[in-house]
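Got your viewer open and a selection box ready? Let's take a short walk through this model, one selection at a time.

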Amino acid sequence: MSEKQEQQNTERSRMLGTMEMRKLVPTVSVPIMVSMLVQALYNIVDGIFVGQYSPDALTAVNLAMPMQMLMIAVSTGMGTGINSLISRRLGEKRPHEARDAARHGILIEVIGWLLFVIVGLFFARAYIGMTNPKADVLEMGTLYLRIVCTLSLGQFMSICFERMMQATGNTTLSMITQLSGAVTNIILDPILIFSCQMGIAGAAIATVIGQVVSCTVGFVLNQWKNRELRLTHEGFRFDWKTVQNILVVGIPSTIMQAISSVCTTLMNMILAGFGDIYVNVLGVYFKLQSFVFMPVFGLCNGMVPIVGYNFGAQKKKRVYECVRVCLMYALVIMAVGALLFLAVPNLLMMPFDSSADKALTAEGCVALRIICSHFLIAAAGITLSTVFQAVGRGTYSLIMSLCRQLIVLLPAAWALSLIGPNAIWWAFPIAEIVSLTICLLLYRKCDRELIAPLPEE
């Protein structure tokens with residue numbers, strides 16, 4: 001790398017420690033938020049196309065969704081570990097170790113992909129059959145899951161390249177990487193599902209092609225523009241300590257997100273007893289809420305390198321300021337989402353409903369209005385749990401998610417199911433209140449032990 005390129009990369013990283021926070025947070029986070037909004041839009045459009053193809057196809061995709069969520073959990077969870085370690089090493093002025101962390105991160109992501117190849121080849125049918133669906137749904141769900149699992153290398157690699165670019169503050173390139181895949185998916189979905197008459201297989205293949213496009217664009221941009229983490233094999237030596245430093249954040253983050261997959265699977269089993277319509281309501285809810293939650297997750301993904309860099313550089317005031325600014329933005333986003341869910345739930349549900357009696361829309365309106373009551377509470381919990389990941393205390397985020405999605409949500413949902421299907425939706429706000437209480441206690445502990453002791457600037 002030339003001296004000029006080294007200087008440019010150093011200046012870009014230094015921006016994380018010097019730029020005014022109200023300007024820095026949008027600069028770093030908005031590109032990620034835009035790309036995640038497009039990804040959320042893709043999830044919604046994909047659900048609409050599949051729903052219009054047939055209600056059984058929508059059920060099949062919704063049953064496969066938890067396993068897809070698990071794939072995303074592994075890839076993005078490890079990506080969070082990669083992002084956190086790189087940004088901390090850059091803040092500590094150790095660029096060579098940051099580059100080494102990126103190369104080890106790729107190896108970890110490849111191993112994650114291989115695990116899902118095994119799942120897709122040998123366990124797809126058993127997984128879809130857990131809720132005892134009818135034969136057509138079982139066949140479509142198995143086909144869809146096998147394709148998206150075995151051919152998911154593009155997803156794992158694209159996430160890795162995105163996180164590498166985010167860690168250096170180059171989030172515009174990260175946005176381009178994700179946009180390329182999402183737009184490809186949106187274009188190919190109707191072509192493969194309807195024009196080519198491939199049905200649910202077309203939806204799966206469109207997803208895979210989009211991931212490959214995103215991976216290719218991410219690799220090229222990282223090598224071309226993100227020279228601070230440009231990948232070469234020269235001087236690479238496997239270092240178990242580097243892997244451990246990634247995993248100490250990546251594993252809790254992965255488990256934290258994987259809990260969502262387990263939770264959705266078990267929620268589907270609870271709801272299936274009341275009919276496929278409630279399984280579809282839950283599936284559509286997750287697609288719609290992603291349009292609200294994804295921007296907040298994008299905001300928090302941008303928060304990781306900012307907090308990580310300034311924590312590594314021992315700039316306490318900037319760490320606190322970043323938390324305050326991100327919390328304010330997250331609350332605004334969630335408030336807008338809650339208002340939409342309360343005011344026009346019918347408009348949100350109708351595009352997914354191909355039934356003559358619009359029963360999915362009717363049941364969905366009830367669910368959306370109940371569940372959105374926890375959005376503002378979730379904004380605070382997501383923001384504060386991101387701080388744990390950025391300073392290397394990912395276990396705290398894991399504790400919070402366990403309480404929110406397994407220890408509280410599922411027992412509450414089961415108990416409320418004794419009243420009726422619509423009572424189940426109240427389990428979401430109940431779980432969020434408990435998890436935020438725990439989160440505040442853990443944040444106080446994290447602050448007292450790690451952030452507050454930093455020297456005054």
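By class, five nonpolar, three polar and no charged residues make up the lining of the second largest cavity. To see that wall in this predicted model, select Leu63, Pro66, Tyr127, Ile128, Met130, Thr131, Thr265 and Asn268. Now colour by element of secondary structure: helix 3 (55-91), helix 5 (124-128) and helix 10 (240-272) are the ones that give two or more residues to this lining. The space inside comes to about 60 Å³. How many cavities of 30 Å³ or more does the whole structure have? A full search turns up two.

Keep helix 3 on screen and pick aspartate 56, which sits in that helix. Its side chain meets the side chain of lysine 134 in a salt bridge, 3.0 Å from N to O. Lysine 134 belongs to the loop between helix 5 and helix 6 (135-150), so you're looking at a link between distant parts of the chain, 78 residues apart. If you want to hunt for others, the structure holds nine salt bridges.

Last stop: select residues 171-195 for helix 8 and residues 199-224 for helix 9. At what angle do helix 8 and helix 9 pack? The angle is about 155 degrees, and the axes are 7 Å apart. Anything over 145 degrees counts as roughly antiparallel, and helix 8 and helix 9 are therefore roughly antiparallel to each other. Turn the view and you'll find helix 8 passing helix 9 in a right-handed crossing. Colour their contact by class and you get twelve nonpolar, twelve polar and one charged residues.

Conventions. Residues numbered from 1 in each chain as written. Predicted model: local features only at pLDDT ≥ 70, side-chain atom pairs only at ≥ 80, totals over all residues. Heavy atoms only, no water. Axes fitted to C-alpha atoms, helices over the stretch in contact; angles between N-to-C directions. Helix = DSSP H or I, 4+ residues; strand = E, 2+ residues; numbered from the N terminus. Parallel < 35°, antiparallel > 145°, perpendicular 65-115°, else oblique. Left-handed = near helix turned anticlockwise from the far one by under 90°. Nonpolar A, V, L, I, M, F, W, Y, C, P; charged D, E, K, R; others polar. 1 Å grid on protein atoms, 1.4 Å probe; cavity = no way out; pocket = protein on both sides within 12 Å on 5 of 7 lines; lining within 4 Å. Points joined across faces, edges and corners; volume = space filled by probe spheres on them. Salt bridge = Lys/Arg side-chain N within 4 Å of Asp/Glu carboxyl O.
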